[in-house]
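Colleague: Please take a close look at one residue of this model for me, and then carry on, step by step, to the other parts that you would point out to a first-year student.

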Amino acid sequence: MITALTLLGIALYLALMFYIAYRAYQTNKHDDPEDWFLMGRGANTMMLVGTMFATWFSTFAFLGGPGFFYKSGVNWLLFGFFNAMGPILVMVIGPRIWALGKKFDFITPGDLLAAYYNSSRRVRILTGLICIAVLFPYSAIQITGIATALNSISGGLITFNVGVLLIAVCVGVYSFVGGSRAVVWTDVIQGFAFAALLVGTMLLVIRWSGGWNQGWAAATEARPELFAFDGGAGRYITVMTLFTFGWILTPHLWQRLYMADSPQTLVKGAAITSFLALFVVTFTGAVIGMMALGMDFALPEGITSDALVPELYAQFLPAMGAILVIAVFAAGMSTLDSQLISATSSFIQDLLPNVAKVDNHQAMRLARVFEVVFVLALVIFAFSPSGRQLIAPLASIGVGMALTLLLPLLGALFWARASEPAVFWAMLLSWGVMIAMQFKVLPNPGIVGPPLWGLLVSAIAFFGISLLRDNPVEAERRKAFQDDMAPHFPETAQAQAAHTANA
Amino acid sequence: MTSLSMAPPAQGQDTTDSTPAYGPTLGIFPRTPLGRLFFLWGVLNLVLGLLPVYGILGNSAEIGALGMPVTVLYCYAMFSLNCFLGVAYYLTRGKDCVEMTKSFVEEGADT
């Protein structure tokens with residue numbers, strides 16, 4: 001009965017996703033990259049909140065997050081910090097990125113950085129490569145994570161290989177057919193569906209624990225050592241920095257800043273997302289994971305803590321199995337589809353023009369070819385043990401690699417002294433150091449992780465080269481990106497007015 | 001493709017100055033008092049977030065207010081400050097910023 005319900009649920013869910021993709025296809029302006037990759041910069045508040053939320057929170061929020069709290073207790077609480085702070089950065093610098101994107105038709109992070117830094121070809125190529133390097137392992141981990149979870153939750157009904165193919169085909173088809181419009185529309189449904197399930201699961205866990213007070217008392221009594229931090233501040237600082245800035249620097253999130261229909265939508269959407277991220281995702285995860293410590297419950301032998309939520313349902317409410325399978329699908333696919341579209345845009349905008357001259361029609365045809373190739377590569381890596389070995393360490397610093405874009409972005413938005421050579425070498429060296437440390441080619445001096453060492457190298461190269469050689473970008477670019485923008489934002493407007501008065 | 005076309009500098013505008021005195025110092029540190037206040041609020045959040053990790057404050061398995069363990073309660077109270085920072089930013093800067101950005105885009109469309 002449950003097997004039939006699970007299969008029926010998946011079939012209905014996929015039918016809904018394909019229907020949405022078809023409707024998006026009918027609405028899309030074909031051969032228009034802005035429409036295809038950014039849904040024509042037309043995301044309203046609900047769409048933006050839904051897609052930011054669903055894009056950032058993957059299967060991890062539903063499975064890994066509560067599992068981490070169950071395994072590590074309060075040592076994983078800083079998960080809450082960066083998820084609340086990340087959207088705030090969107091409010092601070094998002095409107096500038098939105099305004100520049102709107103004015104100059106930027107689609108990718110590489111568009112903005114290359115345009116400011118003297119239309120630098122090498123900065124564009126490097127940014128495009130970094131974006132794809134951030135997205136590929138992250139996507140591969142999504143696909144293997146969902147397939148593993150589906151296999152576990154369905155009790156082997158959906159094998160790992162079938163799961164990988166099912167997800168790849170589904171995401172590939174609706175992204176191929178509907179572009180970013182399909183992705184955003186499905187994100188809204190997927191995001192709110194799995195958020196509702198998280199809240200529902202939390203309420204059930206509180207009930208199964210005997211109530212709020214009883215649940216916490218039992219948990220702290222059962223495992224008091226998991227309710228006080230055990231040190232390791234360096235790891236916290238790395239994680240906080242990494243993900244706080246990761247919110248805005250990962251290519252698929254950056255592109256959501258271009259997507260908003262107005263800066264008001266962007267700022268309001270970010271403020272709402274901050275509350276949702278903190279209280280709907282991380283707080284529910286903390287309550288589920290930590291209260292489970294005091295329940296009459298134990299994970300079966302050989303089962304990892306990632307399976308906490310499915311195991312809780314298996315023991316307390318088995319009838320939820322079908323819903324869980326769909327929730328895992330929803331959570332994982334909503335991240336994967338955005339990454340697929342984003343990687344494709346980086347290829348089309350940042351890499352392709354350097355090897356071939358194509359018009360929009362040809363570019364959009366090649367975009368679809370790239371999407372298919374990207375999905376096939378994900379499947380090959382997911383099936384190959386050696387591929388998975390290579391992907392795992394890269395995925396663990398996936399968001400870290402996006403930190404290489406932080407100082408170049410701040411330079412373009414705010415610091416007129418930043419120079420093209422400084423940006424190129426800062427990005428190249430910091431990316432190289434992160435990867436070399438991650439693969440142990442370079443020793444990690446300790447204290448903090450490879451992403452922060454990479455950021456330090458980036459800062460030294462960026463500020464060092466920019467300050468040593470007074471070689472800023474062309475004056476017209478500084479004017480367009482900074483001087484012309486200054487009067488439109490309170491912070492720089494006031495300082496500019498004071499500067500003018502003093503002069 | 002991007003539609004980047006650079007307008008020439010306005011007459012009399014000094015474009016040789018690569019260190020204008022109105023942008024954030026080094027692109028990071030705000031120059032106005034309110035900007036600095038927001039920046040410090042963010043830094044303070046970070047510091048407060050790390051206090052229990054170092055065992056200085058809010059690191060205890062005891063049950064505290066609202067029936068929650070002290071560490072959990074402290075951390076979520078502190079994380080909430082991030083959200084309130086966002087609301088404060090929206091109320092004091094966000095709305096102005098919205099209007100200004102709109103006019104900026106309209107100017108761009110006119111030129």
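**A close look at A:Val473**

Modeller: If we set aside the neighbours within four places in sequence, A:Val473 is in contact with A:Tyr116, A:Tyr117, A:Asn118, A:Ala418 and A:Arg478. Please keep in mind throughout that this is a predicted model. A:Val473 sits in the loop of chain A that lies between H21 and helix H22 (475-483). Its relative accessibility is 1%, and because buried means under 20%, A:Val473 counts as buried. A distance in the sequence can also be set beside a distance in space: A:Val473 and A:Gly234 are 239 residues apart along the chain, and their C-alpha atoms are 36 Å apart.

The helix H21 named above covers residues 450-468 of chain A, and A:Leu467 is found in it. With a relative accessibility of 44%, A:Leu467 counts as partly exposed, whereas A:Val473, at 1%, counts as buried. A:Leu467 also belongs to a nonpolar patch on the surface, which it forms together with B:Leu26, B:Phe29, B:Phe39, B:Leu40, B:Val43 and B:Val47, and the accessible area of these residues together is about 570 Å². The largest share of this patch, four residues, is supplied by helix H1 of chain B, which covers residues 33-50.

That patch leads us to chain B itself, whose secondary structure comes to two helices and zero strands. Of the 111 residues in chain B, 40% are buried, and the accessible surface of the chain comes to about 5800 Å², with 66% of it belonging to carbon and sulfur atoms. If you take the contacts in chain B between residues at least 6 apart in sequence, 38% of them join residues at least 24 apart. An unreviewed UniProt entry lists residues 37-57 and 63-92 of chain B under "transmembrane region". In the model, residues 37-57 of chain B are 67% helix and 0% strand, with the end C-alpha atoms 23 Å apart, while residues 63-92 of chain B are 77% helix and 0% strand, with the end C-alpha atoms 37 Å apart.

Let us now return to chain A and turn to charged side chains. Side chains of opposite charge can pair when their charged atoms come close. The structure holds 10 salt bridges over all chains. One of them involves helix H22 (475-483), the helix on one side of the loop that holds A:Val473, as A:Lys479 falls within that range and forms a salt bridge with A:Asp484, the closest N and O atoms being 3.1 Å apart. The two partners are covered to differing degrees, since A:Asp484 counts as partly exposed at 22% relative accessibility and A:Lys479 counts as buried at 8%. Elsewhere, salt bridges that share partners join A:Asp111, A:Arg124 and A:Asp350 into one network. Within it, the side chains of A:Arg124 and A:Asp350 meet in a salt bridge of 2.8 Å, N to O. A:Arg124 lies in helix H8 (residues 121-153) of chain A and A:Asp350 in helix H15 (residues 321-351) of chain A, so this pair ties together parts that are 226 residues apart in sequence. Both A:Arg124 and A:Asp350 are buried. A further pair is A:Glu225 and A:Arg223, which form a salt bridge with the closest N and O atoms 2.6 Å apart; here A:Glu225 is partly exposed at 45% relative accessibility, and A:Arg223 is partly exposed as well, at 32%.

Cysteines deserve a word too. A disulfide is a covalent bond between the sulfur atoms of two cysteines. A search of the whole structure finds zero disulfides over all chains. Among the cysteines of chain A, A:Cys131 counts as buried at 0% relative accessibility, and A:Cys170 counts as buried at 2%.

As a last stop, consider A:Thr265, which lies in helix H13 (residues 263-291) of chain A. This residue counts as buried because its relative accessibility is 6%. Not counting residues up to four places away in sequence, A:Thr265 touches A:Ala43, A:Asn44, A:Thr45, A:Leu48 and A:Ala260.

Notes. Residues numbered from 1 in each chain as written. Chains lettered and ligands numbered in written order. Predicted model: local features only at pLDDT ≥ 70, side-chain atom pairs only at ≥ 80, totals over all residues. Heavy atoms only, no water. Buried < 20%, exposed > 50% of the residue type's maximum accessible area, 1.4 Å probe, protein only. Contact = heavy atoms within 4.5 Å. Patch = residues over 30% accessible without salt bridge, like charges linked within 9 Å, V, L, I, M, F, W, Y side chains within 5 Å. Areas by Shrake-Rupley, 256 points an atom, 1.4 Å probe, with all protein chains shown as cover. Salt bridge = Lys/Arg side-chain N within 4 Å of Asp/Glu carboxyl O. Disulfide = S-S within 2.5 Å. UniProt positions renumbered as here; feature names shortened; annotations may be inferred.
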